[in-house]
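Please open the structure in a viewer and keep the sequence alongside. The tour below proceeds by selections, each followed by a description of what is found there.

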There are 2 protein chains.
Amino acid sequence: MAEIKTVTVNTPTVKSDIYCGEGAFNKYAADLVSGKDIFVVTDSNVYSLYSNLIKDTFGTPPVYIVPAGEKSKNERQLLNILKAMVAAGLRRNSVVIALGGGVIGDMAGLAASLYMRGVQIIQIPTTLLSQVDSSVGGKTAIDFCGVKNIVGTFYQPRYVIADPLFLNTLPAREIRCGLGEIIKTGCLNGDIFDKLTANANNLKDVTFLKEIIYDCICHKAYVVTEDERETTGLRKTLNLGHTAGHAFELYYKKKSHGEFVLIGMYYELYIAVKSGICTQQYADSIIKLIKKVITVPAYGDGQKACMLSKYDKKNERAAEVSMVVPREHGKTAELKLPLDEYAALINECANSLKG
Amino acid sequence: MAEIKTVTVNTPTVKSDIYCGEGAFNKYAADLVSGKDIFVVTDSNVYSLYSNLIKDTFGTPPVYIVPAGEKSKNERQLLNILKAMVAAGLRRNSVVIALGGGVIGDMAGLAASLYMRGVQIIQIPTTLLSQVDSSVGGKTAIDFCGVKNIVGTFYQPRYVIADPLFLNTLPAREIRCGLGEIIKTGCLNGDIFDKLTANANNLKDVTFLKEIIYDCICHKAYVVTEDERETTGLRKTLNLGHTAGHAFELYYKKKSHGEFVLIGMYYELYIAVKSGICTQQYADSIIKLIKKVITVPAYGDGQKACMLSKYDKKNERAAEVSMVVPREHGKTAELKLPLDEYAALINECANSLKG
């Protein structure tokens, strides 16, 4: 039987334990909430697959079911979750369980951070993306007024249970989505990059994924422990690929977050090479991985789309875009460009893809 | 000219400087935001009195004006504030200014804690209550689904400017309201209690109030520095009088928060004496102060009203009410009672007031 590993995030306000590996759900889920009032937030897809697992593990707790999909990550759903928490009579010592992907983790985390100024939350991520990235680190959010994640909190989950059990039911697209954040993490951590390169032909293989999930969680836990609130610059590196990625996501919508991260990485790699920050050779080794997962589209409206990044939280000034780009093996750089220059380069990259 | 004093709150996440005294607004307000994008949240009463002061101090920043009154402390206003912050293009380095009483401070604080997961907030309390109590300590909230402060965050203001300048325009009722929290603080701090007793006949005198504001802020800053998140029990003492107070506030509505705190203190003092926690003699010395400020009503529906306290955040279990009561000079005790027993005692106290 595979080993369950524990990773810890330590911040000024909380210690967060992450149980990672096959069997973690069965071993920990029920025990961690024993004797407590719980409240489960999940989505319609996950509930249809796992309502029996919820029952067998937690009995019949109140469950709030969010319609599956990114569109649900809004203020209406957030208020409905909070309303259901009041109706369930949750108290300060109650526990919220987020069972689902990034949307559920972000929203349930925000609701838990707000209810009575904070009740305990346990993240049980069910997608590859939420296991390797969003369930760890305590960023919670909703999208609001057309801006991604603009309303949220920093609120660490007390526990995270990342069990590959849930990967078996994931559609292929969700695996691509998770690989977006995994390849991004590879740009931040040379060891992970080497593993990805060595396994370039079996990135979607479950045995490989199980191993890399743990590596990615370790990297993220280290970053969050060092720089929970994004003040030293370290946590900012996790946004690699996300500036163009978020803009494309807002404009083109149809793909998943992780796919847009990969596309954003590709476009911003182009900018990094053009700006002399990154060699073509290193860029090519990343592009090779990206292309194993998706076909990068030539966005005709790329220039228009990336105007949306002017609302990006990461920018400190209007008309200036900030992004983190790969520099060399395991290293990144922060690059700031005037919005118009940035948009022109995005356009140039789109044209190069048409050629 | 009177001295401006500085009090500091130190928590794991932020250092909060409180400038207290006459002239503090003129000396600090403009300087603290120099070169930054600001966003002012205020209410219709304050704006009608101080729109010129805002202009003279801050130029023409975006201002969001909340309709004056407790009823505005709801999710609709919160979302409108956040919407206006997005429309104003606020960034991570922008600063929110809360210019108003407790409602404004609580809501603007919550909005600031949520926008981009936290932008800086400066509290400029304009009422006696918000100067002595709610502007310090970082509790933010809205009322939701009929429960007081059930949705909120812990989020320290970077600065607080408590300037008696604003007291001149306060209606008498607002002074009574502030005295509610001041007398409550007297029950927690023997030195403040002695000052109140010595000045029992001039509690509403502005010279006296200026002195006691500073004392109350010092006491609260000490409590919050020691126990920001209400985990050790120390911060809980600030809730003295608030269990019955909140229940009466929800049920009877018409009085102000501070008045209900005084009424709640009176009713819970009755319970403290009955339970043998507090001597009649010490209770009488507190009651003497309460009666200098308000006439305590004999609530016929007290029993019904206090059923509302079953939703109180402070309770750890259903059907059990938790409250902090005066024990002896400068000391308090926590008392937990079954809800029905509590309600019966509230009723008994109401009857004794009719007698």
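Select B:Arg117 to begin; in this predicted model, its relative accessibility is 8%, so B:Arg117 counts as buried, the limit being under 20%. The residue is found in the loop between helix 4 (102-114) and strand 6 (120-125) of chain B. Its backbone deserves attention as well: phi of B:Arg117 is near 60°, a positive value in a residue other than glycine. Most residues other than glycine have a negative phi.

Move next to B:Asn149, which lies in strand 8 (residues 147-154) of chain B. Here too phi is positive, at about 50°, although B:Asn149 is not a glycine. Is B:Asn149 buried or exposed? With a relative accessibility of 11%, B:Asn149 counts as buried.

**The sheet of chain B**

Now display chain B as a cartoon. Seven strands of chain B form an open sheet with mixed pairing, in the order 1-2-9-6-5-3-4. Strand 1 (5-10) and strand 4 (63-66) of chain B stand at the edges; each has a single partner strand, so one side of each is left without a neighbour in the sheet. On average, neighbouring strands of this sheet are turned by 15° against each other, direction ignored.

Within the sheet, select strand 2 (residues 15-20) and strand 9 (residues 159-162) of chain B, which run parallel and are joined by four bridges. At B:Cys20, the residue standing opposite is B:Ala162 in strand 9 of chain B. Add helix 1 (residues 24-32) of chain B, which packs on the sheet and touches strand 2, strand 6 and strand 9 of chain B. The direction of helix 1 makes about 155° with that of strand 9 of chain B. Helix 8 (residues 206-226) of chain B also packs on the sheet, where it touches strand 1, strand 2 and strand 9 of chain B. The direction of helix 8 makes about 20° with that of strand 1 of chain B.

**The sheet of chain A**

Turn to chain A. An open sheet of seven strands is found there, with mixed pairing and the order 1-2-9-6-5-3-4. Its edge strands are strand 1 (5-10) and strand 4 (63-66) of chain A, each of which pairs on one side only.

Select strand 3 (residues 38-43) and strand 5 (residues 95-100) of chain A, which pair in the parallel sense over five bridges. A:Ile38 stands opposite A:Val95 in strand 5 of chain A. Helix 2 of chain A packs on the sheet, touching strand 3, strand 4, strand 5 and strand 6 (120-125) of chain A. Helix 3 (residues 75-87) of chain A likewise packs on the sheet, in touch with strand 3, strand 4 and strand 5 of chain A. Its direction makes about 170° with that of strand 4 of chain A.

**Two helices in contact**

Keep helix 2 (residues 44-58) of chain A selected and add helix 1 (residues 24-32) of chain A: their axes come within 9 Å and cross at roughly 55°. The two helices are therefore oblique to each other. Which residues make the contact? Helix 1 of chain A contributes A:Phe25, A:Ala29 and A:Ala30, and helix 2 of chain A contributes A:Leu53, A:Thr57 and A:Phe58. These residues divide into five nonpolar, one polar and no charged.

**A buried isoleucine**

Select A:Ile142 in strand 7 (residues 139-144) of chain A. At 1% relative accessibility, A:Ile142 counts as buried. Its contacts beyond four places in sequence include A:Lys73, A:Leu78, A:Met107 and A:Val151. A:Leu110 is another contact; the C-alpha atoms of A:Ile142 and A:Leu110 are separated by 8.0 Å, although the two residues are 32 residues apart along the chain.

**The hairpin and the cores**

Proceed to strand 10 (residues 320-328) and strand 11 (residues 331-338) of chain A, an antiparallel pair with eight bridges. The two strands form a hairpin with two residues between them, and A:Gly330 in the turn has a positive phi of about 75°. A:Glu328 has A:Lys331 as its bridge partner in strand 11 of chain A.

Finally, display the largest nonpolar core, which has 73 residues; among the members that touch the most others are A:Leu128, A:Phe248 and A:Tyr267. Helix 10 (residues 257-274) of chain A supplies the largest share of this core, 10 residues. A second, separate core of 72 residues includes B:Leu170, B:Ile175, B:Leu188 and B:Leu203.

Key: Residues numbered from 1 in each chain as written. Chains lettered and ligands numbered in written order. Predicted model: local features only at pLDDT ≥ 70, side-chain atom pairs only at ≥ 80, totals over all residues. Heavy atoms only, no water. Axes fitted to C-alpha atoms, helices over the stretch in contact; angles between N-to-C directions. Parallel < 35°, antiparallel > 145°, perpendicular 65-115°, else oblique. Contact = heavy atoms within 4.5 Å. Nonpolar A, V, L, I, M, F, W, Y, C, P; charged D, E, K, R; others polar. Buried < 20%, exposed > 50% of the residue type's maximum accessible area, 1.4 Å probe, protein only. Core = buried A, V, L, I, M, F, W, Y, C linked by side-chain atoms within 4.5 Å. Pairing = 2+ DSSP bridges.
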